[in-house]
Amino acid sequence: MQKTNIPQAESKSAELVAQNLEQLKQIFPEVIKEGRVDFEALNDLLGNYGDTAEERFALNWAGKANARREAQKRSTGTLRPCPEESMDWDNTENLYIEGDNLEVLKLLQKSYHSRVKMIYIDPPYNTGKDFVYKDNYADNMKNYLELTGQDKKLSTNTESDGRYHSNWLNMMYPRLKLARNLLTDDGVIFISIDDNEVANLRKVCDEIFGEENFVAQLIWERAFAPVNLKKHFSESHDYILCFAKNLDTTSCNGLRRTEDADNRYQNPDNDPRGVWQSDNFSVGPRIIEKVYEITTPSGRKVLPPEGRCWLLTQKRYDEFVKDNRIWYGSEGNGVPRIKRFLSEVKAGITPMTLWKYVEVGHSQDATQKLKQLFDGNDFFEYPKPVGLIQRCLELYSNEDSIILDFFSGSATTAHAVMQLNAEDGGNRKYICVQLPEPTPEDSEARKAGYITIPEIAKERIRRAGKKILEEQKAKVEKEGLFTEEPKKLDTGFKVFKLDSSNINEWDSDPGNLETALNKSLFNIKTDRSEDDLLYEILIKYGIELTEKINSHIIDEKTVYEMGAGSLIVCLADSLSTAVAEGIGKLYKEVSPEGVDANCRVVFKETGFNGSDEVKTNTLLILKQHGITNVATV
Ligand SMILES: C[S@@+](CC[C@H](N)C(=O)[O-])C[C@H]1O[C@@H](n2cnc3c(N)ncnc32)[C@H](O)[C@@H]1O
């Protein structure tokens, strides 16, 4: 094993110490408090779980150390593919994952590390009426399977519980911690919240993301009329906290300048470059080389006003005239002005922190629109408006970003991603995660056959996708030749469901050696499919779940290959050396770059039927083809 060299303390300059502090802060922002290192927190993170009795400037609550440790544990679960509940499985790059988000976030750590540009979440606000998922640190996967195996309403976190805020914070802390790892270096997270937990949430985010990465505390005007039964105030807003992973490398796109939003842009001379607005062509203070006489198209002679000069030199002005970039008014007789085209204005409008419902929609509006999508049926309480999430996307996502929502409810985020892609031709992809929370027994949704929230959400995505496509088609028909053919919109989604691992190892009971031994010989659970296992391998090797998987038949066995040969998997039984030969050849075909040290080949242990000879020869043959990274499951 490689040894790490530890430089001697006295050789470290102050600068180096500062650099080290900075690096530590990048990896573990929560251990730097007011410029000092919280060694106790660091110990916890590195596996030495000490007591955190000492007081310091930090938000503390009952269970915090455990919550911190929980974020470090591996999941014992997996994500099982569900093509039958998906849409356009073969082509889509969107993901819909059913399961407890803590386990799911753990499972996504490898494949989506530093890959997600924007996260939007709308967690339970801890109102005392909403349920707050209780993790079981001893065996969270078992806890999940037990909880979801029963069709009961999940219990709420009530104020009479002595650990009211602690319970909520214990739920949020590990999830936010894991979510941060998934953000790209210029990624941001938006979190909807109200007065119940906004103060605690902000402190926790200061700790997890670093105070210096705070972007804004937005106010969303969610109601348009007061609730008169309220004793004091009728709250008409929610908050949205926004934190960056690293504010220094993060930029805001600004709000789009559209012709509708900004009618200062017009096109009185039908310029083929589109709408424009005119700007002053004279500037101050006066620079003598930029003072010259201009003759307007009508023949009028104009000089810059007293103390000012023209914006450009005469040579540049002449070039601008030739390019039809100077405007003298519709009569051609006015003072020259410069044309600024909307298409050339790069920076958007700087957003303000107060988001009014006239701009992004209010809560009732969101409920109404969702109802319309479901033919007038009210299936989901308190969805967020599509416009609200669309605004977050406009500000901080790029056209091909991955967007994550791990409290996705009715899947408004999926809807907003599709809507924005349709509007600006982008190819953003979403990952929605949602617990299979049962719908209330007497609800309209249950009566209509929707047993869980994901069932409503998946149907919402289908309906929203269809509607957006229809709207696109209608626009093309209306505008005919004058509109560009819209880019193909991805309205599909791949469904995965959280479950225990496909491999028995996790379930082995040390108290019952015989069963454990038997299980390790027949390592793979009998009720699991080849696809289940294939995706578990992808997750373990850190490959994205939407990666294109190519199937090949070699000596009558199916061999899966992805990422130009970076992973090759064969889960067939009764393997022969001909399969190894075929894999070697396949690898050369799909990897034109030549042998890549990262190529990994995975077989099923039982695929060798206990034959050491086939196994040894397989390894030898693959080695001859330059492949040394071979594993079995
Ligand atoms: C306030 S709702 C989100 C609503 C969503 N923004 C919308 O517009 O429809 C919060 C959602 O998080 C889900 N949830 C709560 N705990 C969860 C957990 N541990 N894992 C995944 N989802 C969870 C709840 O079932 C609920 O649907």
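This report walks through the ligand site, one buried asparagine, some salt bridges and a few odd backbone spots in a predicted model.

**The ligand site**

Let's start with the ligand. Its surroundings hold 20 residues, and the ones that come nearest are Asp-122, Ser-410, Thr-412, Gln-434 and Glu-437. Sorted by character, the shell splits into 8 nonpolar, 7 polar and 5 charged residues.

Some polar atoms of the ligand have protein partners. On the side-chain side, an N or O atom of Ser-410 sits 2.6 Å from a ligand oxygen, and one of Gln-434 sits 2.8 Å from a ligand oxygen. Asn-101 takes part through its backbone instead: an N or O atom there is 2.9 Å from a nitrogen of the ligand. As for cover, the ligand on its own would expose 600 Å², and the protein buries 92% of that.

**Asn-213, a buried side chain with backbone partners**

Next up is Asn-213, in the loop that runs between α7 (198-209) and β7 (214-221). Is Asn-213 buried or exposed? With a relative accessibility of 7%, Asn-213 falls under the 20% cut-off and so counts as buried.

Its side chain makes polar contacts with backbone atoms further along the chain. One goes to the backbone oxygen of Lys-245, at 3.2 Å. Another pairs a polar atom of the Asn-213 side chain with the backbone nitrogen of Leu-247, 2.8 Å away. Leaving out residues up to four places away in sequence, Asn-213 touches Phe-243, Ala-244, Lys-245, Asn-246 and Leu-247.

**Salt bridges**

Side chains of opposite charge can pair when their charged atoms come close. This model holds 44 salt bridges. Here are three of them, with the closest N to O distance for each:

| Acidic residue | Basic residue | N to O distance |
|---|---|---|
| Glu-207 | Lys-64 | 2.8 Å |
| Glu-207 | Arg-68 | 3.8 Å |
| Asp-573 | Lys-604 | 2.9 Å |

Glu-207 shows up twice, so take its pairs together. Glu-207 belongs to helix α7, while Lys-64 belongs to helix α3 (residues 64-70), so their salt bridge ties together parts that are 143 residues apart in sequence. What about cover around that pair? Glu-207 has a relative accessible area of 8% and is buried, and Lys-64 is buried too, at 6%. The Arg-68 partner also lies in helix α3, so this second pair links α7 to parts that are 139 residues away in sequence. Both Glu-207 and Arg-68 are buried.

The bridge between Asp-573 and Lys-604 has a loop at each end. Asp-573 lies in the loop between β22 and α17 (577-590), and Lys-604 lies in the loop between β23 (600-603) and α18 (612-624), so the pair ties together parts that are 31 residues apart in sequence. The two ends have unlike cover: Asp-573 is partly exposed at 42%, whereas Lys-604 is buried at 13%.

There is also a group to trace in the viewer. Which residues are linked in a network of salt bridges? They are Asp-269, Asp-271, Arg-273, Asp-323, Arg-325 and Lys-339.

**Odd backbone spots**

Most residues other than glycine have a negative phi, and most peptide bonds are trans. A few places here go the other way.

Asp-88 is not a glycine, yet it has a positive phi of about 55 degrees. You'll find Asp-88 in the loop between β3 (77-81) and β4 (95-98), where it is partly exposed with a relative accessible area of 37%. Ala-564, also not a glycine, has a positive phi of about 45 degrees. Ala-564 sits in the loop between β21 (557-562) and β22 (567-570), and at 47% relative accessibility it counts as partly exposed.

Finally, which peptide bond is cis? The one from Gly-284 to Pro-285 is, with omega near -5 degrees. Pro-285 is part of the loop between β10 (282-283) and β11 (294-295).

Notes:
Residues numbered from 1 in each chain as written. Predicted model: local features only at pLDDT ≥ 70, side-chain atom pairs only at ≥ 80, totals over all residues. Heavy atoms only, no water. Helix = DSSP H or I, 4+ residues; strand = E, 2+ residues; numbered from the N terminus. Buried < 20%, exposed > 50% of the residue type's maximum accessible area, 1.4 Å probe, protein only. Near = heavy atom within 4 Å. Polar contact = N/O pair within 3.5 Å; in protein donor to acceptor, adjacent residues only side chain to side chain. Areas by Shrake-Rupley, 256 points an atom, 1.4 Å probe, with all protein chains shown as cover. Nonpolar A, V, L, I, M, F, W, Y, C, P; charged D, E, K, R; others polar. Contact = heavy atoms within 4.5 Å. Salt bridge = Lys/Arg side-chain N within 4 Å of Asp/Glu carboxyl O.
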